[in-house]
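Please look at the sequence and the structure below. The paragraphs that follow go through one sheet, one helix and the nonpolar cores.

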Amino acid sequence: MNFSKKLAPFYTLTIFYVVISVILRLVLLFHPITQSSFSFIDTAKIFSLGLVSDVFVFILASGFLWLYLIFISNGKYQKPFGYIHFGLLIGLFLYIYSGKSILTEYGGALPEIGLAFVGIKTFLFGLLLFLPKKRDKIRFWLFSFVMFLFVILILQNAISEYFFWNEFGVKYNFIAVNYLVYTNEVIGNIMESYPVVPIFSALFLVAGTITYFVVKRSKIYIEKIPSIFEKIKITVLYFLMFGLALWSIPNLAKTENATNVFTNELQANGMYRFYLAFMNSELDYFKFYKTLPENEAYALLDKQIPGLQKSSSTRIITSDSTEVHKNVVLITIESYSADFMKIYGNDQNITPFLDDLATKSLLFTNFYASGNRTVRGLEAVTLCLPPTAGESVVKRKDNKNKFTTGSVFKSKGYQVKYLYGGDSFFDNMEDFFSGNGYDIVDKKNFKPEEITFSNVWGVCDEDMVNKAIKTMNAEAQTGKPFFNHWMTVSNHRPFTYPNGKIDIPGDAKSREGGVKYTDYAIKKFFTMAQKQPWFKNTVFVILADHCASSAGKTELPVDKYRIPAMIYSPGYVQPQHYTKVMSQIDIMPTLFGLLHFNYQSKFFGQDVMNPNYQPRALIATYQDLGLLKDNVLTIISPKQQVKQFGLVLQPKVGVELDFQLYYDQKPLAKERTDLINETISYYQTASDILKNKKYQK
């Protein structure tokens with residue numbers, strides 16, 4: 001028998017994986033979110049280097065296949081070894097079942113997983129041992145099932161990559177890793193957002209059909225089981241390929257260096273990207289980014305934020321007026337882009353209440369979110385800190401006892417709460433806010449009769465409105481001022497909400513419906529709040545946590561970070577437009593300025609009404625860190641990379657200049673070294689302060 005035929009299971013599945021990967025790249029290449037054109041060289045890299053990377057990645061992934069195939073034999077069922085083997089498996093099963101195994105010590109679901117695995121293995125071994133006449137047929141169906149699993153996982157991965165691209169415009173990153181942690185919310189979100197039953201029915205049908213042909217081409221392995229010598233040859237060959245793959249994959253990833261971001265994303269292998277994200281969800285700034293001498297970095301920071309103490313962000317904030325201890329309600333709105341609002345050019349009338357409220361508020365027209373996830377928005381308004389590389393501080397282990405907006409309010413005698421309609425365990429919010437002195441009101445605090453509608457993300461925003469009003473009424477009775485931070489949830493896929501509230505049905509599952517329903521719920525909140533005695537003594541801060549989409553032609557498309565923000569307090573805060581560039585980290589220090597607070601600050605965020613403020617915005621992904629200043633976007637990235645883009649306005653007819661959103665980002669012909677150093681200064685000092693625990697309360 002030709003030895004190469006014994007390798008049929010490996011090369012058949014490899015060919016199938018590569019074919020699916022090529023098809024996926026073609027689909028993503030022509031996807032509407034892929035807003036770019038590609039040169040011949042770009043296209044060649046995508047499909048040549050990408051294909052080679054796919055082959056090597058699948059070699060690593062097929063380790064499980066090698067492990068399964070190498071142990072297929074008839075010899076292990078011969079007497080007495082077969083009975084000894086079977087007895088050992090039964091003993092192992094009973095050991096785990098006793099509850100005294102090492103798996104039990106680790107806890108969680110591990111004992112159940114181990115018990116199920118050993119139980120199935122014991123049962124199947126018993127069938128093959130005691131039914132020798134049926135052994136070939138049983139082995140054939142087991143082999144077919146293993147092939148089916150590989151086929152369906154390959155297809156499932158391709159579908160997952162497509163939907164991830166559809167949502168974020170990139171291959172897997174740290175967000176995909178997070179989705180594995182929060183499976184309840186994510187699986188629920190998928191179940192409510194997509195036609196899961198038809199998709200999976202089609203998936204299983206297609207997988208079954210493909211498996212038939214895969215088995216037909218590779219069943220020679222079980223019909224003519226390799227000898228010991230042949231298995232040794234297979235193992236040596238596989239280990240050589242495995243080693244080559246380990247060396248090749250990271251080196252191929254280094255070729256993902258095109259100026260076109262989409263080229264790099266399409267060339268990359270999704271599974272390897274997932275592995276990198278899993279291993280590197282936190283990035284060491286000082287290892288991966290350009291740095292300056294420490295004294296120079298802090299000297300530059302002092303020029304941007306005057307009055308700093310040595311090697312820190314600490315400074316004294318003083319006011320020439322008496323402090324005003326009004327109640328404060330901070331509303332961060334889920335996924336609320338500036339272009340949803342009429343003043344920014346939207347003609348769908350999906351934010352009628354906020355459009356009206358903006359005319360009565362201090363409106364920040366040139367306001368930028370720090371990041372593209374909720375935890376970045378929460379970090380920005382709570383810590384007022386630049387979005388450092390890696391995960392948000394909200395999700396890090398060292399996230400407690402920080403200097404926060406809540407700690408400033410507490411020092412002034414305020415009651416401090418975080419209100420969230422879902423389970424605050426999600427995204428580590430409960431750990432972060434409770435660890436920083438906030439009391440938490442979330443879905444767990446709702447009585448059954450207080451919930452009229454909920455989906456996987458939590459109760460609808462109207463239910464949270466009712467709960468918030470009750471909470472604030474109770475706080476007002478204490479005679480102490482309160483600070484409540486409310487995070488909305490309804491404007492999130494699957495975009496379901498109660499029917500009959502707005503002119504878009506709640507079961508239409510449309511983004512526009514989610515936006516309009518959130519606007520409706522916020523209107524209800526203000527309608528109810530105006531009837532409360534504490535309303536006249538309250539300042540309301542309303543802004544988005546991030547934009548609805550973050551995909552674009554460049555690493556940091558500035559229009560995907562532009563969000564609405566306003567401060568509303570009739571009779572206290574005068575309606576006006578503040579038109580200078582500002583960052584999400586500035587909103588709360590600006591509020592403290594309006595309240596004339598005196599305090600020792602560690603915030604990087606500043607009171608933008610202060611004449612010393614120098615307009616700029618800090619925007620980032622988890623690894624690309626940007627500074628927007630002087631109509632130039634400077635981006636620093638891992639491997640000490642720096643890019644700069646000049647922003648060329650692309651005006652939209654009928655929209656006022658202060659509300660224009662769209663810019664072409666053209667690479668600068670001449671480097672602005674001053675802005676590069678300033679960008680490095682912001683992110684290096686923020687990283688240093690967090691690393692050395694200088695941002696504690």
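In what order do the five strands of the open sheet lie? The order is β15-β16-β17-β18-β19, with antiparallel pairing. Strands here are DSSP runs of E with at least two residues, helices are runs of H or I with at least four, and both are numbered from the N terminus; two strands pair if DSSP finds at least two bridges between them. The model is predicted, so local features need pLDDT of at least 70 and side-chain atom pairs pLDDT 80 or more, while totals for chains, interfaces and linings use all residues. Residues are numbered from 1 along each chain as its sequence is written, and side-chain values use heavy atoms, without hydrogens and water.

At the edges of the sheet are β15 (617-620) and β19 (663-667), each pairing on one side only. Four antiparallel bridges join β15 to β16 (residues 625-629), and I619 stands opposite G626 in β16.

Helix α24 packs on this sheet and touches β15, β16, β17 (632-637) and β18 (641-649), where contact means heavy atoms within 4.5 Å. Helix α24 covers residues 673-691; because the expected span is 1.5 Å times one less than the number of residues, its 19 residues should span 27 Å, and the 26 Å between its end C-alpha atoms agrees. Of these 19 residues, 15 are buried, that is, under 20% relative accessible area with a 1.4 Å probe, protein chains only.

The largest nonpolar core (buried Ala, Val, Leu, Ile, Met, Phe, Trp, Tyr and Cys residues joined through side-chain atoms within 4.5 Å) has 119 residues. Helix α24 gives the most to this core, with seven residues.

Notes
Buried means under 20% relative accessible area, exposed over 50%, partly exposed in between (1.4 Å probe, protein chains only). Axes are lines fitted to C-alpha atoms, for helices over the stretch in contact, and angles run from 0 to 180 degrees between N-to-C directions.
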